[in-house]
Amino acid sequence: MLPRLFDTHTHFDVPDFDSDREQLAYQAKAAGVEALVLIGFVASRFADLLYTQQFVNGLSQAPQAYLAPGLHPFYIEQHQPEHLLQLEQLLQQQDCVAVGEIGLDTFLPEHKQPEIFAKQQDYFQQQLELARQYQKPVLLHIRKAHAESIALLKQQKFQLGGIAHAFSGGVEEAKALIKLGFKIGVTGQITNPNAKKLHRVVQEIAAEHLVLETDCPDMTPLCCQVSSLERTRNTPVNLPYVLAGLAQSLQCDEETLAEQLWHNTQQCLRL
Ligand SMILES: [Zn+2]
């Protein structure tokens, strides 16, 4: 029997999948992907996010699709106060599993500028407040801002936990997030033997703190990349490769690991 898998982070709503979303949903289910989370990033896509959830859940033999709307720090210039109101409406009216993806991202030098970074912090904080109000966990996007993000979570006394998605920090940062109630999201990067920092993190913290994700259409597992020159679209169908990469890194049995990861996801998303 195939192990049950949960893709905790997808952008399966984006136009990259418009031509073959239905087929991919069937293929993902056939590969053992029993559930996936549709993650928000800008308010202008909330309607499509909701539509995709209804579409996927209307199919038989497809993964169960869960909704996690949020305003992503990388798109900070686009966010407006009314988008927070739209987010709150979704939380009120729809069955949302989490708020996401939210956090801090200073990968681009312009996002380090004080006023831009202050806006990221403001939106992060306001969305943590919404999550608290509606009793939802959060899906974190943190890039080159781990210390600041952990400080803000502590300062807000946020206790509902969630997932630190596509985790790129070090062992100490992973441990700090686990202490705050978070699971660590592992992408197809784990299939890359050169991703030494990530291998060290997963080996250092136990499997009980990890969950799987594709982050599709990005983060394509190494084995699924068609060419090193052009970007290969990632899909939820590739999730078993993430499991295999993680099992190899942890030197453990795939089925046992899958059961543990499924349990971790159910627990942190309160399903
Ligand atoms: Zn994402």
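Q: In which strand does Glu 101 lie?
A: Glu 101 lies in strand E4 of this predicted model. A cis peptide bond joins Glu 101 to Gly 100, with omega at about 0°.

Q: What makes E4 and E8 edge strands?
A: Start with the sheet: five strands form an open one, in the order E4-E5-E6-E7-E8, with parallel pairing. Strand E4 (99–105) and strand E8 (210–212) each have a single partner strand, so one side of each is left without a neighbour in the sheet. As for the twist, that averages 30° from one strand to the next.

Q: How do you know that E6 and E7 are paired?
A: Count the bridges. Two strands pair if there are at least two bridges between them. Strand E6 (residues 162–164) and strand E7 (residues 182–186) are joined by three bridges, so they pair, and they run parallel. Ala 164 stands opposite Ile 184 in E7.

Q: How many strands does the sheet with the order E1-E2-E3 have, and which of them are at the edges?
A: That open sheet has three strands, with parallel pairing. E1 and strand E3 (64–68) are the edge strands, as each pairs on one side only. On average, neighbouring strands here are turned by 20° against each other, direction ignored.

Q: What makes E1 and E2 a pair?
A: Again, at least two bridges are needed. E1 and strand E2 (residues 33–39) have four bridges between them, so they count as paired, and they run parallel. Thr 10 stands opposite Leu 38 in E2.

Q: Which helices pack on this sheet?
A: Helix H2 (residues 46–57) packs on it, touching E2 and E3. The direction of H2 makes about 165° with that of E3. Angles over 145 degrees count as roughly antiparallel, so H2 is roughly antiparallel to E3. Helix H9 (residues 254–268) packs on the sheet too, touching E1 and E2. The direction of H9 makes about 50° with that of E1.

Q: Why is H6 called oblique to H7?
A: The axes of helix H6 (residues 171–179) and helix H7 (residues 196–204) cross at roughly 45° and come within 9 Å. That angle makes H6 oblique to H7, because an angle that is neither under 35 degrees, nor over 145, nor from 65 to 115 counts as oblique. The crossing of H6 past H7 is right-handed.

Q: Which residues meet where H6 touches H7?
A: From H6 come Val 171, Ala 174 and Lys 175, and they meet Arg 200, Val 201 and Glu 204 in H7. Sorted by class, this contact has three nonpolar, no polar and three charged residues.

Q: How do you know that Asp 20 and Arg 233 form a salt bridge?
A: The cut-off is a side-chain nitrogen of Lys or Arg within 4 Å of a carboxyl oxygen of Asp or Glu. For Asp 20 and Arg 233, the closest N and O atoms are 2.9 Å apart, so the pair qualifies. The structure holds eight salt bridges.

Q: What does the pair of Asp 20 and Arg 233 tie together?
A: Asp 20 lies in the loop between strand E1 (5–10) and helix H1 (21–30), and Arg 233 in the loop between E8 and helix H8 (239–250), so the pair ties together parts that are 213 residues apart in sequence.

Q: Where is Pro 217 found, and what is its peptide bond from Cys 216 like?
A: Pro 217 is found in the loop between E8 and H8. The peptide bond from Cys 216 to Pro 217 is cis, with omega near 10°.

Technical notes:
Residues are numbered from 1 along each chain as its sequence is written. This is a predicted model: local features need pLDDT of at least 70, side-chain atom pairs count only at pLDDT 80 or more; totals for chains, interfaces and linings use all residues. Side-chain values use heavy atoms; hydrogens and water are left out. Axes are lines fitted to C-alpha atoms, for helices over the stretch in contact, and angles run from 0 to 180 degrees between N-to-C directions. Helices (H or I, at least four residues) and strands (E, at least two) are DSSP runs, numbered from the N terminus. A crossing is left-handed if the near helix is turned anticlockwise from the far one by less than a right angle, and right-handed if clockwise. Contact means heavy atoms within 4.5 Å. Ala, Val, Leu, Ile, Met, Phe, Trp, Tyr, Cys and Pro count as nonpolar, Asp, Glu, Lys and Arg as charged, and the others, Gly among them, as polar.
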